[in-house]
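Reader: I have just opened this one and would like to be walked through it slowly. Could we start with a single residue and work outwards from there?

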Amino acid sequence: MLHLSAISASKFTLLCSSHKCRAKLSGFVWVTACSHVYCDQHGSEEFSRTPAICPACSSMLSGKLDVFRTELAPSEQYKAMVLVGLQPETVLEISHKALDVWTYQVNQERMLMEYNLSRAGGHVLQMEKCMIQQSQSKELELNALRGEIASLKKVLEEYKRKYNEVLERLNERNGQYQKLQGLLDSLRMHTLGTGEKDPISHPFTTGLVKPHSSPSFLATEGDRFFSLGPENAKTSFQFSTPTRDSPIFYQEKLSLT
């Protein structure tokens with residue numbers, strides 16, 4: 001079990017235990033008796049005070065060797081001399097305690113990843129529920145809009161039908177209007193021709209020269225035409241026979257005698 005943990009720990013890179021940092025560790029680090037490791041910057045800031053307290057678990061680090069600064073990649077000379085002269089049991093015990101720190105860090109990171117994964121899973125489930133609710137609400141809105149569109153289409157078809165009916169009636173009225181306009185034009189032409197070709201049937205009885213044609217006066221009033229033809233001229237310019245009491249009568253009598 002220890003061998004497997006050491007293998008998994010050998011592929012793991014230590015991270016700063018400070019929640020503000022979480023950077024990969026290299027060079028000099030600060031290690032605590034509670035198996036937490038900090039970068040050189042944050043370890044110097046946190047453990048410069050007395051008594052020292054672990055920022056990760058709030059453990060009191062009052063012992064002389066509860067926290068110390070070490071190098072992650074020591075020189076070959078240091079590695080050759082650091083455990084020289086110690087009993088094999090002591091060397092194994094030191095190695096065991098050092099591996100425990102790596103195993104603890106690996107397990108902490110694994111637990112942190114699982115926690116973050118569970119939180120992400122919870123967020124995903126919540127988002128899925130929200131998406132389902134939004135999808136259902138949008139589907140309801142879409143169905144309502146479809147029904148409204150269908151009703152508007154029916155109204156549009158009704159308006160089109162009424163428009164076609166009105167257009168047909170308008171075409172019929174236009175046809176009737178064209179016919180009436182044609183009749184009116186033909187009546188006007190007939191009236192104009194009659195007024196120009198009709199001669200005067202009764203000349204003046206006073207011995208005046210008979211005119212070749214009578215004047216024709218046309219006046220428009222709306223669509224109606226009025227003609228002052230021979231009949232109107234006769235009624236306007238006809239002379240009556242002198243009466244006995246008039247001077248003209250006596251003048252004509254004296255001239256005859």
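Reader: Is Trp30 buried or exposed?

Author: In this predicted model, Trp30 has a relative accessibility of 16%, so the residue counts as buried, the cut-off being under 20%.

Reader: And how many aromatic pairs turn up in the whole structure?

Author: A search of the whole structure gives 2 aromatic pairs. In one of them, Trp30 and Phe47 are tilted with respect to each other, with 6.0 Å from centre to centre and 40° between the planes.

Reader: Which parts of the chain does that pair of Trp30 and Phe47 tie together?

Author: Trp30 belongs to strand 1 (residues 28-32), while Phe47 sits in the loop between helix 2 (40-46) and strand 3 (52-53), so the pair links parts that are 17 residues apart in sequence. Phe47 is also buried, at 10% relative accessibility.

Reader: What about Tyr38 and Phe47, how are those rings arranged?

Author: Tyr38 and Phe47 make an edge-to-face pair, 5.5 Å centre to centre and with 75° between the planes. Both Tyr38 and Phe47 are buried, and the ring pairs join Trp30, Tyr38 and Phe47 into a cluster.

Reader: What else is Phe47 in contact with, leaving aside its neighbours within four places in sequence?

Author: Besides Trp30 and Tyr38, the contacts of Phe47 beyond those neighbours include Ala52, Ile53, Cys54, Pro55, Leu61 and Val67. Phe47 is also among the residues with the most contacts inside the largest nonpolar core, along with Leu25, Val37, Tyr38 and Leu61.

Reader: How many residues does that largest nonpolar core have, and which elements give two or more of them?

Author: The core has 18 residues, and the elements that give two or more to it are strand 1, strand 2 (37-39) and helix 4 (88-197). As background, nonpolar side chains in soluble globular proteins tend to be buried together.

Reader: Changing topic, how much space lies in the largest pocket?

Author: The largest pocket holds about 1,100 Å³ of space. It is lined by 25 residues, and the closest to its centre are Phe68, Thr70, Ile94, Lys97 and Ala98.

Reader: Which element gives the largest share of that lining?

Author: Helix 4 does, with 7 residues. Other elements that give two or more residues to the lining include helix 1 (2-10), strand 5 (67-71) and helix 3 (76-81), and strand 1 is also one of them.

Reader: Now the loops: where does Ser18 lie, and is it buried or exposed?

Author: Ser18 lies in the loop between helix 1 and strand 1, and with a relative accessible area of 11% Ser18 is buried. Setting aside neighbours within four places in sequence, Ser18 is in contact with Tyr38 and His42.

Reader: Which residues that are not glycine have a positive phi?

Author: Arg22 is one of them, with a phi of about 55°, and Ser35 is another, with a phi of about 70°. Arg22 is in the loop between helix 1 and strand 1 and counts as partly exposed at 28% relative accessibility, whereas Ser35, in the loop between strand 1 and strand 2, is buried at 16%.

Reader: And which residues does a cis peptide bond join?

Author: Thr50 and Pro51 are joined by a cis peptide bond, with omega about -5°, and Pro51 has its place in the loop between helix 2 and strand 3.

How values were computed:
Residues numbered from 1 in each chain as written. Predicted model: local features only at pLDDT ≥ 70, side-chain atom pairs only at ≥ 80, totals over all residues. Heavy atoms only, no water. Phe/Tyr/Trp six-rings, centres within 6.5 Å; stacked < 30°, edge-to-face > 60°. Helix = DSSP H or I, 4+ residues; strand = E, 2+ residues; numbered from the N terminus. Buried < 20%, exposed > 50% of the residue type's maximum accessible area, 1.4 Å probe, protein only. Core = buried A, V, L, I, M, F, W, Y, C linked by side-chain atoms within 4.5 Å. Contact = heavy atoms within 4.5 Å. 1 Å grid on protein atoms, 1.4 Å probe; cavity = no way out; pocket = protein on both sides within 12 Å on 5 of 7 lines; lining within 4 Å. Points joined across faces, edges and corners; volume = space filled by probe spheres on them.
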